[in-house]
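Hello,

Here is the structure I promised to pass on. My notes follow below it.

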Amino acid sequence: MINNGTVSRISVVAALGLLAAGCSRLDMQDQPKYRPQRPSDFFADGRSERQPVDGTVARGALNEDTAFYEGKDAAGKDIEAFPIAVDKAVIVRGQQRFDVYCAPCHGRIGNGLGMIVRRGFKQPPSYHIDRLRNAPVGHLYDVISNGYGAMLNYAGQLQPRDRWAVVAYIRALQYSENANINDLPQEARSRVPAIGTAPSAAQANEPITPSDPDFVDFPAKPATPSGVPGAHGAGAVPGKQPERQ
């Protein structure tokens with residue numbers, strides 16, 4: 001015989017069982033949500049993604065300093081002066097980044113004869129021509145950021161401060177190739193090789209004026225040997241080397 005207390009306990013257990021059965025995983029397992037790029041009939045534009053409110057700026061991406069982030073002044077002109085303090089640490093950092101990303105095309109000394117150029121890739125101009133020696137630093141930064149001609153941009157590989165470090169190192173290269181011995185401290189002048197001294201192995205490997213017969217009047221007329229895709233301009237000449245025929 002079942003007493004009233006037992007019936008009550010059975011009723012409570014049954015009620016809990018029904019309640020648990022009603023807590024289906026349906027809503028949690030199959031949530032009403034939009035996947036990326038899925039359309040929506042709810043919004044007038046048919047898109048599930050909502051556009052940011054006008055004027056919205058991502059955290060850390062305000063970039064109000066146009067001189068630092070774009071290399072431009074308020075009028076949109078290339079700046080002449082560095083927007084960061086340039087010291088030895090910056091130049092050393094620029095050299096390290098330059099050797100990684102720039103030297104394959106531009107060469108370790110900036111003469112436009114990087115290793116892939118020597119193997120037939122289109123040659124960039126030397127940094128030591130007057131046009132680039134006199135170019136404002138903002139122009140060099142803009143080229144790194146946005147590309148120029150056949151050169152792709154390196155904004156993804158180099159953060160803004162590293163781009164300025166590379167520009168600082170390019171300026172150091174330009175200065176080094178056009179410096180006067182009188183610009184050196186007295187103790188450093190004695191270490192400069194005398195005129196007529198045989199070049200070092202490094203100098204012989206990367207001369208300012210290449211001995212490559214496929215380059216004519218370098219650097220005044222940067223050349224791409226004929227037969228290489230994109231060969232053009234006054235410096236383009238018929239290749240004399242078998243691999244370039």
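The protein exposes about 16800 Å². Carbon and sulfur atoms supply 57% of that area. Please keep in mind that this is a predicted model.

Burial comes next. The protein has 245 residues, and 29% of them count as buried.

The fold is quick to describe. There are 11 helices and 0 strands. Read from the N terminus, the elements run α-α-α-α-α-α-α-α-α-α-α.

What about contacts along the sequence? Take those between residues at least 6 apart in sequence: 51% of them join residues at least 24 apart.

Now to one helix pair, α8 and α9. Helix α8 covers residues 137-146, and helix α9 covers residues 160-177. Two packed helices are described by the angle between their axes and the distance between the axes. For α8 and α9 the angle is about 125°. Their axes lie 9 Å apart. An angle from 115 to 145 degrees falls outside the roughly perpendicular and roughly antiparallel classes, so α8 and α9 are oblique to each other. Their crossing is right-handed.

Which residues meet there? On the α8 side they are V137, G138, L140, Y141, I144 and S145. On the α9 side they are P160, R163, W164, V166, V167, I170 and R171. The residues of this contact divide into 9 nonpolar, 2 polar and 2 charged. G138 and S145 are the polar ones, while R163 and R171 are the charged ones.

Best wishes

How values were computed:
Residues are numbered from 1 along each chain as its sequence is written. This is a predicted model: local features need pLDDT of at least 70, side-chain atom pairs count only at pLDDT 80 or more; totals for chains, interfaces and linings use all residues. Side-chain values use heavy atoms; hydrogens and water are left out. Helices (H or I, at least four residues) and strands (E, at least two) are DSSP runs, numbered from the N terminus. Buried means under 20% relative accessible area, exposed over 50%, partly exposed in between (1.4 Å probe, protein chains only). Contact means heavy atoms within 4.5 Å. Accessible areas come from the Shrake-Rupley method with a 1.4 Å probe; for residues, only the protein chains shown count as cover. Axes are lines fitted to C-alpha atoms, for helices over the stretch in contact, and angles run from 0 to 180 degrees between N-to-C directions. Angles under 35 degrees count as roughly parallel, over 145 as roughly antiparallel, 65 to 115 as roughly perpendicular and the rest as oblique. A crossing is left-handed if the near helix is turned anticlockwise from the far one by less than a right angle, and right-handed if clockwise.
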